[in-house]
Amino acid sequence: MMNPVDKISELIAAELDTLWLAHRAVGLNGNMCLYTLPEQVPFRNKQAGVSFWFGPDDTEAAVQQVLQHYNNGHLPNSSLLLNPIVHAKQDDGSYKPIGSGVLWCTSLSLGIDVLKDESAERLWELGVLASTFHRGDSDRAGLKAVAFCDEAQALAADGPTPEGYGSNSTILKGSGPQGGKTVIGCRELYELANISSEQYAHYYLLSGISYLTNNGLFQHPDMTALFPKGALKDKASREKIIKKSAIHVQKLLDANHCWNAYERHHSLYQKFGTNPDDVETNMKFFNLVARDVELFDSTGPLRKEADEMFEFLVPGLVPRGCVTMLAAAGGTGKSSLAHQLCVMASIDYEPGEEAPRWLGQRLAIEKCKGICVYFAGEDGPPIINARAAIFDPAGRARRLMFQRTNFGKGVTFYQHLKHLQKIPNVPIMIIDPDRKYLTGDEDDSGAASEFFDALEEFAVTKGTAVIIVHHLEKGAEPKSAREVLDMLRGSQVFVDRPRVVIGMYRDGPYTIAGLAKNNIPPNLGMVTEERVFARDPKRLQLIWLPGHEGVRNANLSPEEIEKLAEEAKKEGR
């Protein structure tokens with residue numbers, strides 16, 4: 001945890017200059033103080049009672065003071081603390097605190113305490129800058145939190161001053177900092193971090209140097225870790241990030257009020273938010289479940305995962321995160337249709353380029369980032385390549401991965417799915433046909449359930465639209481999409497497990513497609529009618545017929561249903 005002298009000088013100069021810019025942004029000017037405590041608790045120092053007052057133009061002298069006492073990190077030494085409160089120098093040479101444009105807190109993980117991610121998350125959500133302290137081999141030894149204010153903050157009524165400094169509002173010439181330990185908002189930062197280290201909370205530890213405490217040697221390595229990359233490279237960059245990051249302290253006070261009102265349960269705080277006016281009502285619901293957080297997480301519109309909604313690869317037809325079946329008799333064109341969709345999803349479209357349609361619906365191209373996987377179990381490379389040349393003559397589908405049936409010696413399809421989970425994003429996976437990847441007979445409900453278990457796990461874990469291509473019984477000639485469901489080949493599991501089944505059938509020169517099964521909530525805009533398409537054998541395209549000719553077996557419109565409901569209500573039905 002030791003930095004070279006030049007690096008320490010650079011880090012401290014950047015930190016002090018940034019703090020001065022934050023003070024000036026809210027109209028404060030004066031002096032800050034570097035100091036050591038008069039006692040050896042909670043910080044150990046070679047020289048006690050040091051104080052050095054400096055103004056905005058004295059950064060170089062302040063840095064030299066730090067280096068002089070630090071001894072390049074070699075013990076024994078004195079690591080100077082900073083009092084970020086701006087003080088005005090009085091005519092008699094004393095210093096009077098006037099406020100701060102910065103909030104801060106030091107939250108150290110002591111003993112065996114473990115730093116939780118949620119501590120930093122609560123602060124980040126409020127616009128507070130926070131990153132970790134290091135201690136020994138641990139890089140998660142607590143949090144350094146800093147917030148820039150949109151107006152100057154007054155001293156907080158936060159108890160007695162550090163021992164040895166007295167209690168007057170003015171400070172004798174040459175003595176260390178006094179008055180309140182912090183300004184309004186610092187205590188709230190500490191409570192929101194929820195890391196128990198009361199004895200260190202109000203001190204400001206400079207980044208880049210190590211501090212020997214009663215609980216070990218701590219260091220916040222680099223002030224820049226608090227900011228986006230390059231944010232502190234020059235004065236203009238610092239002024240920009242200070243202005244952008246400035247928060248109103250009332251936002252912090254409200255958040256802390258709610259945090260404590262919700263008994264510091266992160267789950268409740270995340271669900272209920274930071275509006276103090278809602279506390280009384282929200283706590284009523286918590287009391288209804290006997291103040292049990294786990295029970296509450298499963299209750300009501302604010303339950304865990306209640307904000308998760310269906311996303312679609314093809315709105316109205318193909319949802320992500322579940323299994324969709326594309327079912328039809330042999331020769332209907334289901335493999336070509338599945339292949340075409342996978343190609344469409346694998347293209348990186350230019351800004352403003354219109355999304356292509358699949359079965360009449362626009363592809364959600366913004367949901368198609370990542371590798372698109374096509375398992376081709378029946379069609380070999382010659383057929384796949386020939387179709388690809390038709391669907392993608394310009395070779396734009398660069399994210400399309402083809403898989404066959406051989407995954408290596410002794411590797412099963414299910415094991416291979418586990419291997420594919422390492423791919424960060426898989427928007428779509430086609431299994432064509434499903435029977436080629438099923439372990440066992442498709443009439444065996446156990447084998448079929450195992451197959452769907454593996455696919456559903458992949459779909460849910462990766463948020464993937466998994467589409468299985470499925471055959472109908474031999475000789476099946478459905479006359480509607482709904483009849484397709486009754487003619488699926490194999491176990492009843494193939495009927496029950498897909499969330500959506502898209503049924504296709506031929507009617508003379510036309511191909512008809514519609515939802516044979518749909519377990520998606522009706523408010524999500526699923527396609528309700530069957531659609532009529534003309535086949536283009538040259539381009540392997542389905543062309544949706546215009547107007548009424550392109551629609552069959554349409555359900556009642558919402559307006560028609562509403563009218564019937566009103567009539568039934570009037571008649572008491």
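**Exercise 1. Work out which strands help to line the second largest cavity in this predicted model.**

Solution. Start with the lining itself: L317, L359, I502, A513, G514, V527, E529, R531 and F533. Now hold that list against the strands. β19 covers 510-518 and β20 covers 530-536, and each of them supplies at least two residues of the lining. Next, look at the chemistry: the lining divides into six nonpolar residues, one polar and two charged. As for volume, this cavity has about 50 Å³. Zooming out, the count comes to four cavities of 30 Å³ or more.

**Exercise 2. Follow helix α2 from end to end and find what covers its buried residues.**

Solution. Begin with the span: α2 runs over residues 59-70, twelve in number, and reaches 16 Å from its first C-alpha to its last, close to the expected 16 Å. Then pick out the buried residues, which are T59, A62, V63, Q65, V66, L67, H69 and Y70. What sits over them? The cover includes helix α1 (5-25) along with the strands β1, β2, β7 and β8. Finally, step past the end of the helix: N71 follows, with a positive phi near 60°.

**Exercise 3. Decide whether E15 is buried or exposed, and find its polar partner.**

Solution. First, place the residue: E15 is in helix α1. Its relative accessibility is 0%, so E15 counts as buried. Now check the side chain, which makes a polar contact with the side chain of K144 at 2.6 Å. To finish, list the contacts of E15 beyond four places in sequence: K144 again, plus Y204, L205, L206, S207 and M223.

Note on methods: Residues numbered from 1 in each chain as written. Predicted model: local features only at pLDDT ≥ 70, side-chain atom pairs only at ≥ 80, totals over all residues. Heavy atoms only, no water. 1 Å grid on protein atoms, 1.4 Å probe; cavity = no way out; pocket = protein on both sides within 12 Å on 5 of 7 lines; lining within 4 Å. Points joined across faces, edges and corners; volume = space filled by probe spheres on them. Helix = DSSP H or I, 4+ residues; strand = E, 2+ residues; numbered from the N terminus. Nonpolar A, V, L, I, M, F, W, Y, C, P; charged D, E, K, R; others polar. Expected span 1.5 Å × (residues − 1). Buried < 20%, exposed > 50% of the residue type's maximum accessible area, 1.4 Å probe, protein only. Contact = heavy atoms within 4.5 Å. Polar contact = N/O pair within 3.5 Å; in protein donor to acceptor, adjacent residues only side chain to side chain.
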